[in-house]
Amino acid sequence: MPAYIIVDVAITDPLRYEDYKKLTPASLVPFDGKFIVRGGKTETLEGDWKPGRIVVVEFPTMEKA
């Protein structure tokens with residue numbers, strides 16, 4: 001059964017974050033992870049949540065996640 005990690009990223013240093021984004025895909029390879037969502041516009045439909053950059057990563061199992 002797939003497992004998902006959902007991250008709400010707060011970017012405090014945009015220049016360094018650009019470098020970080022280039023490194024993360026390779027870090028998922030040994031665990032068979034893949035990005036499902038990376039960034040994009042968000043809209044809060046209920047409550048007062050103000051997300052930063054949303055990332056969703058899928059793994060084939062909870063153990064790999």
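## Glutamate 58 and the packing of helix α1

The side chain of glutamate 58 makes a polar contact with the side chain of tyrosine 4, at 2.6 Å. The model is a predicted one, and within it glutamate 58 belongs to strand β3. Because its relative accessibility is 16%, and buried means under 20%, glutamate 58 counts as buried. Leaving aside residues up to four places away in sequence, glutamate 58 touches Pro2, Ala3, Tyr4, Asp32, Gly33, Lys34 and Ile36.

Helix α1 covers residues 14–28, and its 15 residues should span 21 Å at 1.5 Å a residue, which agrees with the 22 Å between its end C-alpha atoms. The helix α1 nevertheless bends by about 25 degrees at lysine 22, with proline 25 following within four residues. Tyr17, Thr24 and Leu28 are buried in α1, and the buried residues of this helix pack against three strands, listed here with their residue ranges.

| Strand packed against by α1 | Residues |
|---|---|
| β1 | 3–9 |
| β2 | 34–38 |
| β3 | 53–59 |

The largest nonpolar core has six residues in all, namely Val9, Tyr17, Leu28, Val55, Val57 and Phe59. Two elements, α1 and β3, give two or more residues to this core, and β3 gives the most, with three residues. In soluble globular proteins, nonpolar side chains tend to be buried together. Leucine 28, a member of the core, touches Gly33, Lys34, Phe35, Val57 and Phe59 when residues up to four places away in sequence are not counted.

Methods. Residues are numbered from 1 along each chain as its sequence is written. This is a predicted model: local features need pLDDT of at least 70, side-chain atom pairs count only at pLDDT 80 or more; totals for chains, interfaces and linings use all residues. Side-chain values use heavy atoms; hydrogens and water are left out. The expected span of a helix is 1.5 Å times one less than its number of residues. The bend at a residue is the angle between axes fitted to the seven residues ending there and the seven starting there. Buried means under 20% relative accessible area, exposed over 50%, partly exposed in between (1.4 Å probe, protein chains only). Contact means heavy atoms within 4.5 Å. A polar contact is a pair of N or O atoms within 3.5 Å; within protein, one must be able to donate a hydrogen and the other to accept it, and residues adjacent in sequence count only if both atoms are side-chain atoms. A nonpolar core is a set of buried Ala, Val, Leu, Ile, Met, Phe, Trp, Tyr and Cys residues joined through side-chain atoms within 4.5 Å.
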